[in-house]
Amino acid sequence: MNWLDEHGSSVMKVARAYTLTSEECQDLAQEILLQAWQSLPKFEHKSSVATWFYRVALQTAMNWKRKDKPRRARQKPLLEVQTLVTEGCDTAEQAQQRDIVERLYQAIHQLPKADAALVLLYLDELSYREMADVLGISESNVGVKLNRAKKTLNELMKGETDGS
């Protein structure tokens with residue numbers, strides 16, 4: 001299954017954005033993979049594999065979040081972060097980058113689930129057309145919603161750096 005190797009990072013990004021602990025992240029990633037495997041016979045190649053995979057991952061994550069809300073409310077946010085650092089960075093740069101990534105995910109957690117999904121797709125550099133296909137909305141709607149989500153995310157990130 002080459003597509004699993006190609007889209008595994010998407011699974012982890014979605015799982016990380018919808019969970020608070022590393023254990024939960026792993027559980028959700030497993031659930032997404034299970035759902036993808038079970039949904040595979042229904043895949044009709046009307047969209048790209050990436051689009052279909054994202055659809056399955058986001059649907060699974062949104063349902064997981066809804067079912068898991070009571071337990072999640074009692075948990076502390078994840079402190080250790082899967083870093084997106086490059087090789088050769090010094091530890092100060094790594095720590096700063098980890099902090100930025102952690103704050104970004106904390107801000108994404110505060111967005112409405114549809115906006116969080118859109119931001120994830122944007123961070124994964126999907127085109128507006130691809131985002132529209134995954135979410136089942138028009139490209140112009142993607143643009144409007146994405147601008148609003150970016151503005152909200154920016155305010156959330158600013159609010160955290162101001163100490164409020």
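Is His45 buried or exposed? In this predicted model, His45 comes out as exposed, with a relative accessible area of 63%, and the cut-off for that label is over 50%. The residue sits in the loop between α2 (22-39) and α3. Its backbone stands out a bit too: phi of His45 is near 60°, a positive value in a residue other than glycine.

Now for the aromatic rings. The model holds 2 aromatic pairs. One of them joins Phe43 and Trp52, whose ring centres are 5.0 Å apart. The planes of Phe43 and Trp52 meet at 40°, so this pair is tilted; the tilted class takes in whatever is neither under 30 degrees (stacked) nor over 60 (edge-to-face). The other pair brings Trp52 together with Phe53, with 6.0 Å between the ring centres. Here the planes stand at 65°, so Trp52 and Phe53 count as edge-to-face. Put together, Phe43, Trp52 and Phe53 make up one aromatic cluster.

How buried are these rings? Phe43 has a relative accessible area of 12% and is buried. Trp52 is buried as well, at 9% relative accessibility, and Phe53 counts as buried at 2%. Those labels follow because buried means under 20% relative accessible area.

Another ring worth a look is that of Tyr105, which has Arg16 over its face. The distance from Arg16 to the ring centre is 4.4 Å. Tyr105 is one of the buried residues of helix α4, along with Val101, Glu102, Arg103, Ala107, Ile108 and His109. As for the helix itself, α4 covers residues 91-110, 20 residues in total. From its first C-alpha to its last, α4 reaches 29 Å, close to the 28 Å expected at 1.5 Å a residue.

How far can the model be trusted from place to place? The protein averages a pLDDT of 76, and 79% of the residues score at least 70. Among its elements, helix α6 (residues 128-135) has the highest mean pLDDT, 87, while helix α3 (residues 49-73) has the lowest, 74. Over residues 71-88 the pLDDT drops below 50. Beyond near neighbours in sequence, this stretch still has 35 contacts in the model. Where pLDDT is low, though, predicted coordinates should not be read in detail.

Note on methods: Residues are numbered from 1 along each chain as its sequence is written. This is a predicted model: local features need pLDDT of at least 70, side-chain atom pairs count only at pLDDT 80 or more; totals for chains, interfaces and linings use all residues. Side-chain values use heavy atoms; hydrogens and water are left out. Rings of Phe, Tyr and Trp (its six-membered ring) pair if their centres lie within 6.5 Å; planes under 30 degrees apart count as stacked, over 60 as edge-to-face and the rest as tilted. Buried means under 20% relative accessible area, exposed over 50%, partly exposed in between (1.4 Å probe, protein chains only). A charge sits over a ring if NZ of Lys or CZ of Arg is within 6 Å of the ring centre and within 35 degrees of the ring normal. Helices (H or I, at least four residues) and strands (E, at least two) are DSSP runs, numbered from the N terminus. The expected span of a helix is 1.5 Å times one less than its number of residues. pLDDT is the predictor's confidence in each residue, from 0 to 100. Contact means heavy atoms within 4.5 Å.
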